[in-house]
Amino acid sequence: MTSNQFSSGLESANFLLTSDPVHQAWNAIEKQKQINPNAEPCLFNEIQPENPTIIAFGTPPSSLQGQEALVSSSSLKEDNFAHFEFLCNKTNPNFSLNQAAIQLFKSQYDELLQLKEKLVENSKSKTPSLVIITGQSVGGSVATLFTLWLLQGLNLSKVKRPLCVTFGSPLVGDEQLRQCVLKFSTWKSCFLHIVSNQDPTPQLFISRNPGAYKPFGTFLLCSALGCACLEDPDIILEQLVKTHAQNQECHYGNILSDLKCKALCNFSKSIEAKLDSSLQACLITQLQAIGILSQPSKEIDSLIVRMKKHETKLLIQKKKNSDSDKKLNEMKVHMAFLEWYKKESRQPKVGGYYDKYRNQGHISDVNVNEFKKKLMNYWEDSVTEVENKPQLEGAHFRVRWLWAGTNYRRMVEPLHIADYYKDGGKSYKTDGKRPKHFILLEEWLKKVDKPQEVPSKSKRQSVGSSLNEDSCFWAHVEEARMLCNLVKNGSIEEKECALQELKKFEAYVYGSLKNYALSPEIFLEKSSFMQWLKEYKGVVEQPYSSLLLDFMKERNDQAYKEGTFIFP
């Protein structure tokens with residue numbers, strides 16, 4: 001391995017120092033100090049309205065000493081301030097925030113709400129601009145809270161992610177908050193915290209309340225020698241705790257200018273150490289850049305060991321992501337095989353996709369069973385992972401993923417249903433045998449896909465190649481056939497009850513057809529649906545007429561298949 005594989009901390013730092021957003025953020029803070037030096041009566045100012053939009057949060061004159069107390073999200077909720085509850089998830093149902101920062105946020109909630117609504121509305125324009133949210137000291141803490149709140153309202157699949165840049169900001173929350181933020185897969189990269197080893201502010205809360213606070217996001221740690229980007233929360237926390245800065249004002253403008261010059265000049269300092277690997281060389285270079293090689297050698301050695309472990313974890317995660325991509329491609333191949341199988345099953349004497357698999361009369365049916373198992377294993381894990389994410393993460397990122405899951409559910413659940421009834425099952429949806437991930441995929445779809453009152457022209461025209469929208473359709477058919485048998489052989493009371501249920505099923509089928517929500521293959525001669533229809537005609541009292549029976553009697557199924565039949 002070459003050193004380039006482990007130099008991201010220094011390369012990222014040099015990239016950030018020479019990029020516009022960091023310097024634009026600091027310039028905005030300088031302007032904010034001129035406009036509103038005491039951050040009163042307003043905590044923030046819109047320094048630049050567009051290209052990019054820059055919001056700068058000021059620092060009130062009150063001291064941060066003794067402000068390290070945390071308040072739990074559950075306490076905030078009880079106090080009718082549940083605006084950060086969206087961060088909670090099943091794994092982490094509660095978290096804590098710095099009380100001083102949240103009080104500042106609450107004090108100007110109405111103004112912040114107006115700002116949030118304005119930024120969300122602007123994000124919907126044809127050419128939305130980048131949003132930079134910045135602040136120094138406790139102003140940075142409030143900027144962080146506001147950015148989290150803003151992210152809740154943005155559709156990140158369509159707009160640029162906002163960038164929160166803080167300077168010398170105290171930490172805002174505990175380990176549970178960090179875990180909650182990490183559940184939002186795209187959010188961590190929205191936060192950049194710039195900290196100088198000459199600034200005592202960032203370590204104020206953690207030195208007085210050890211173990212309570214945890215960082216999240218990327219930290220750009222700076223010294224007179226250089227800077228490096230770090231993301232490992234434990235290493236960041238350790239370096240913040242070891243900051244020996246005196247209580248003096250730290251001017252980040254001068255620090256940034258100096259470090260930018262060094263980055264542009266490719267400044268480097270020789271390392272007077274015997275290096276045993278390329279990885280160790282890069283790590284020592286990073287430590288040298290942030291000015292901590294003056295610590296005792298044992299502590300440095302211990303720190304390097306931990307940093308090595310962190311880098312190794314990142315490499316393992318990259319491999320997992322690569323393996324995940326391969327797995328996804330395998331699933332696409334399995335789905336393609338099922339598409340082929342479905343097409344081959346569309347024959348009158350076979351009865352269609354569902355019945356071909358249910359009858360298990362060919363070697364291809366056995367192969368389908370193997371693909372079905374692999375697909376179900378994959379999607380069960382995938383749905384569980386999504387279920388454990390915060391609820392609002394799904395509001396935006398789930399849409400494309402959910403359509404893939406819906407296609408899978410409509411393709412594979414009928415096969416699962418066939419196995420269930422073939423093994424003697426009686427009531428698929430009510431006896432607790434329906435897999436949970438099918439239920440969740442169906443529920444999530446209902447939240448984002450509102451059914452049309454009248455099917456569109458494109459939906460009618462594509463019905464010939466469609467899947468049944470209700471993935472449990474064949475379970476309803478199986479149970480309707482059981483009801484027909486009950487009408488024949490049951491008691492008078494059972495017969496009357498069964499006939500009522502059959503009429504409900506009949507209405508359900510006709511309503512689905514009217515919405516072009518059923519595949520035309522249900523009309524194949526040997527299908528279970530056509531077998532039910534024949535049995536149903538034999539058990540209802542004649543003469544009997546209904547919308548569904550009239551539809552079938554007039555041979556409208558062909559027009560339905562072509563998408564040309566217009567229901568009354």
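User: Is Glu442 buried or exposed, and at what relative accessible area?
Analyst: First, the ground rules: this is a predicted model, where local features need pLDDT of at least 70, side-chain atom pairs count only at pLDDT 80 or more, and totals for chains, interfaces and linings use all residues. Residues are numbered from 1 along each chain as its sequence is written, and side-chain values use heavy atoms, with hydrogens and water left out. Buried means under 20% relative accessible area, exposed over 50%, and partly exposed in between (1.4 Å probe, protein chains only). Glu442 is therefore buried, and its relative accessible area is 14%.

User: Which residue does the side chain of Glu442 meet in a salt bridge?
Analyst: Side chains of opposite charge can pair when their charged atoms come close. A salt bridge here is a side-chain nitrogen of Lys or Arg within 4 Å of a carboxyl oxygen of Asp or Glu. The partner counts as buried, at 10% relative accessibility. With an N to O distance of 2.7 Å, that partner is Arg434.

User: How many salt bridges does that rule give?
Analyst: One of them joins Asp365 and Lys356, with the closest N and O atoms 3.1 Å apart. Asp365 counts as buried at 1%, and Lys356 is buried too, at 14%. The rule's count of salt bridges comes to 17.

User: Lys188 and Glu231 meet in a salt bridge, so how many residues apart in sequence are the parts that this pair ties together?
Analyst: Their side chains meet at 3.6 Å, N to O. Lys188 lies in the loop between helix H7 (175-182) and strand S7 (191-196), while Glu231 is in the loop between strand S9 (227-230) and H9. (Helices, H or I with at least four residues, and strands, E with at least two, are DSSP runs numbered from the N terminus.) Lys188 is partly exposed at 33% and Glu231 is partly exposed at 41%, and the parts they tie together are apart in sequence by 43 residues.

User: How many of the nine residues of helix H9 (residues 233-241) are buried?
Analyst: The buried ones are Pro233, Ile235, Ile236, Leu237, Glu238, Gln239 and Leu240. H9 is largely enclosed by the rest of the structure, because the number of its nine residues that are buried is seven.

User: At the start of H9, which residue's side-chain oxygen reaches the backbone nitrogen of Asp234?
Analyst: Asp234 also belongs to a network of salt bridges with Glu175, Arg178 and Lys214. The oxygen reaching to within 3.0 Å of the Asp234 backbone nitrogen comes from Asp232.

User: Which residues does Glu478 touch, leaving out those up to four places away in sequence?
Analyst: Glu478 is in helix H18 and counts as buried, at 8%. Its side chain makes polar contacts with the side chains of Tyr354, at 2.5 Å, and Arg358, at 2.6 Å. A polar contact is a pair of N or O atoms within 3.5 Å; within protein, one must be able to donate a hydrogen and the other to accept it, and residues adjacent in sequence count only if both atoms are side-chain atoms. Using contact in the sense of heavy atoms within 4.5 Å, the residues touched are Tyr354, Arg358 and Tyr421.

User: How far apart are the end C-alpha atoms of helix H20 (residues 528-539)?
Analyst: Buried residues in H20 include Phe529, Trp532 and Tyr536, and what covers the buried ones includes helices H13 (353-359), H18 (473-489), H19 (492-514) and H21 (547-553). The expected span of a helix is 1.5 Å times one less than its number of residues. For twelve residues that gives 16 Å, which agrees with the modelled end-to-end C-alpha distance of 17 Å.

User: Which residues form a nonpolar patch on the surface with Val399?
Analyst: One member sits in helix H16 (residues 436-448) and is partly exposed, at 43%. Patches are made of residues with over 30% relative accessible area and no salt bridge, joining like charges within 9 Å and nonpolar side chains (Val, Leu, Ile, Met, Phe, Trp, Tyr) within 5 Å. Together the three have about 250 Å² of accessible area, by the Shrake-Rupley method with a 1.4 Å probe, where for residues only the protein chains shown count as cover. The partners of Val399 are Trp403 and Val448.

User: What share of the 568 residues in the chain is buried?
Analyst: The chain has 22 helices and nine strands. About 28,500 Å² is exposed, with carbon and sulfur atoms supplying 50% of it. The buried share of the 568 residues is 51%.
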